[in-house]
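Thanks for coming. I will go through one structure today, starting with a turn and then following the strands outward from there.

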Amino acid sequence: MLLIPCPFCGARNETEFVYGGPVGPDRPGTDASDDAWRDYLFVVPNPTGPVQERWWHARGCGDWFTIWRNTVTHDIVERPK
């Protein structure tokens, strides 16, 4: 079981949350090439180690927040601000 630290509700069970995905690169501008758009839309990074992720506390306060989670150990390595 993963305990996710909500900034408003404290540490809660992962079943209360919805995974929003990793924090990715900024959206390309209107002058971006087709290759840049392809990479932005379809290439999903799969790093090992700490990854910045978005989570939604769907069964709690309803807040979206960002945490750093180690993808190898599933430990939360930095608390949300």
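His74 sits in the loop between S5 and S6. Keep in mind that this is a predicted model. His74 is not a glycine, yet it has a positive phi of about 65°. As for its surroundings, His74 counts as partly exposed, at 44% relative accessibility. The loop belongs to a hairpin formed by S5 and S6, with five residues between the two strands.

Now the strands on either side of that turn. S5 covers residues 64–70, and S6 covers residues 76–78. S5 and S6 run antiparallel and are joined by two bridges. Arg69 in S5 has Ile76 as its bridge partner in S6.

On to the next pairing. S4, residues 50–56, runs antiparallel to S5, and seven bridges join them. Within that pairing, Val51 stands opposite Arg69, and Trp55 stands opposite Phe65. S4 also pairs with S3, residues 18–22; these two run antiparallel as well, with four bridges. There, Pro22 stands opposite Glu53.

Which side chains of S4 are buried, and which are not? They alternate along the strand. Val51, Glu53 and Trp55 point to one face and are buried. Pro50, Gln52, Arg54 and Trp56 point to the other face and are not buried.

Glu53 brings me to the salt bridges. How many are there? The count is three. One of them joins the side chains of Glu53 and Arg69, at 2.7 Å from N to O. This pair links distant parts of the chain, since Glu53 is in strand S4 and Arg69 is in strand S5, 16 residues apart. Both Glu53 and Arg69 are buried.

The other salt bridges involve Asp35, Arg38 and Asp39, which are linked in a network. Asp35 and Arg38 meet at 3.3 Å, N to O. They are three residues apart in helix H1, so about one helical turn separates them. Arg38 also meets Asp39, at 3.0 Å, N to O. The members of this network are partly exposed: Asp35 has a relative accessible area of 47%, Arg38 has 41%, and Asp39 has 36%.

Staying with the helix for a moment: H1 spans residues 34–42, and Phe42 is found in it. Phe42 is exposed, with a relative accessible area of 64%. Together with Tyr40, Leu41 and Val43, Phe42 forms a nonpolar patch on the surface. The accessible area of those four residues together is about 430 Å².

Last topic, the cysteines. How many disulfides are there? The count is zero. Cys9 is in no disulfide, and the nearest cysteine sulfur, that of Cys61, is 3.9 Å away. For Cys61, the closest cysteine sulfur is in Cys6, at 3.6 Å. Why is that not a bond? A disulfide needs the two sulfur atoms within 2.5 Å, and the sulfurs of Cys61 and Cys6 are therefore too far apart at 3.6 Å. Cys9 counts as partly exposed, at 26% relative accessibility, and Cys61 counts as partly exposed too, at 37%.

That is where I stop.

Key: Residues are numbered from 1 along each chain as its sequence is written. This is a predicted model: local features need pLDDT of at least 70, side-chain atom pairs count only at pLDDT 80 or more; totals for chains, interfaces and linings use all residues. Side-chain values use heavy atoms; hydrogens and water are left out. Patches are made of residues with over 30% relative accessible area and no salt bridge: like charges are joined within 9 Å, nonpolar side chains (Val, Leu, Ile, Met, Phe, Trp, Tyr) within 5 Å. Accessible areas come from the Shrake-Rupley method with a 1.4 Å probe; for residues, only the protein chains shown count as cover. Buried means under 20% relative accessible area, exposed over 50%, partly exposed in between (1.4 Å probe, protein chains only). Two strands pair if DSSP finds at least two bridges between them.
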